[in-house]
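Reader: I would like to go through a protein model step by step. Please show it to me before we begin.

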Amino acid sequence: ESNFLADADGNLKVLAEKGRPKHEKRAGDFRGSLTALRYGFAGGANGPTAFVLAGKRKRAGYSDKWLKEHGCAHGSTIAMNENAFMTTKTWEEITPSIVSGLRSAPYVKENPQWWVLEIFDGFGAHLNSHYALKYRWDHKVISLKEEPDSSSICQAYDKYAAKSDKSVQRINLALLRKIFNEGTIDIIDQWKLLHCAIAAVQ
């Protein structure tokens, strides 16, 4: 399934195609982005956070250990793919790290016989992978899907933590713009945005 546009002169342009999970227009200015998947526990502790950035390789030094040293919980990780969007392949790639983080949560690690309940929305990548669901089940993590368009009501993150996160991110993005305008840094890229996202997690 594709979307086409043609003009009277017979020029044909492909606007979209079904096989691509995300479409972006190339522009002269930087429109960098990243995806952050953040977990939290009902008891108030931070869970693992997965960051998805565009590219083939991580920048040197940006390891899972580095994330932990900068305030992220155990199991936090950085994944790279073509568009910084959570795809099924990326979801499978981060699954072992996320599950390790969930199993090492306070009280859970002291009680290995306990099961962990993971609640997420119905986003496609969360449900498309038998591997990811089975890996969770094999490590005593039960995955529960919410009804569509209910996360703003049902998810405590959306009701409480998201507001604080957005406030922190606005402050840090403003600081990033300020030092960019002063010439202290020469470019704002996704790796600098990653620092803003980590500040929100802390």
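Reader: Are Trp91 and Phe120 buried or exposed?

Author: First, the ground rules: this is a predicted model, in which local features need pLDDT of at least 70, side-chain atom pairs count only at pLDDT 80 or more, and totals for chains, interfaces and linings use all residues. Residues are numbered from 1 along each chain as its sequence is written, and side-chain values use heavy atoms, leaving out hydrogens and water. Buried means under 20% relative accessible area, exposed means over 50%, and partly exposed lies in between, with a 1.4 Å probe and protein chains only. By that scale, Trp91 and Phe120 are both buried.

Reader: What kind of aromatic pair do the rings of Trp91 and Phe120 make?

Author: Rings of Phe, Tyr and Trp (its six-membered ring) pair if their centres lie within 6.5 Å; planes under 30 degrees apart are stacked, over 60 edge-to-face, and the rest tilted. A search of the whole structure finds five such pairs. For Trp91 and Phe120 the centres are 6.1 Å apart and the planes stand at 90 degrees, so the pair is edge-to-face.

Reader: How many residues apart in sequence are the parts that this pair ties together?

Author: Helices (H or I, at least four residues) and strands (E, at least two) are DSSP runs, numbered from the N terminus. Trp91 belongs to helix 2 and Phe120 to strand 6, so the pair ties together parts whose separation in sequence is 29 residues.

Reader: Which element gives the most to the largest nonpolar core?

Author: A nonpolar core is a set of buried Ala, Val, Leu, Ile, Met, Phe, Trp, Tyr and Cys residues joined through side-chain atoms within 4.5 Å. The largest one has 18 residues, and Trp91 and Leu37 are among those with the most contacts inside it. Strand 3 (35-40), strand 4 (46-54), helix 2 (88-103) and strand 6 each supply at least two residues. The top contributor, with five residues, is helix 2.

Reader: Tyr131 and Tyr135 also form an aromatic pair; what is the angle between the planes?

Author: Both residues lie in helix 4 (residues 130-138), four residues apart, about one turn of the helix. Tyr131 has 38% relative accessibility, so it counts as partly exposed, and Tyr135 is also partly exposed, at 22%. Their rings are 5.9 Å centre to centre, and the pair is tilted, with an angle between the planes of 45 degrees.

Reader: Which residue forms a salt bridge with Asp138?

Author: Side chains of opposite charge can pair when their charged atoms come close. A salt bridge here is a side-chain nitrogen of Lys or Arg within 4 Å of a carboxyl oxygen of Asp or Glu, and the structure holds four. Asp138 and its partner both lie in helix 4, four residues apart. With the closest N and O atoms 2.8 Å apart, the partner is Lys134.

Reader: Is Glu69 buried or exposed?

Author: Glu69 and Lys65 both lie in helix 1 (residues 64-69) and form a salt bridge, with the closest N and O atoms 3.9 Å apart. Lys65 has a relative accessible area of 60% and is exposed. At 55% relative accessibility, Glu69 likewise counts as exposed.
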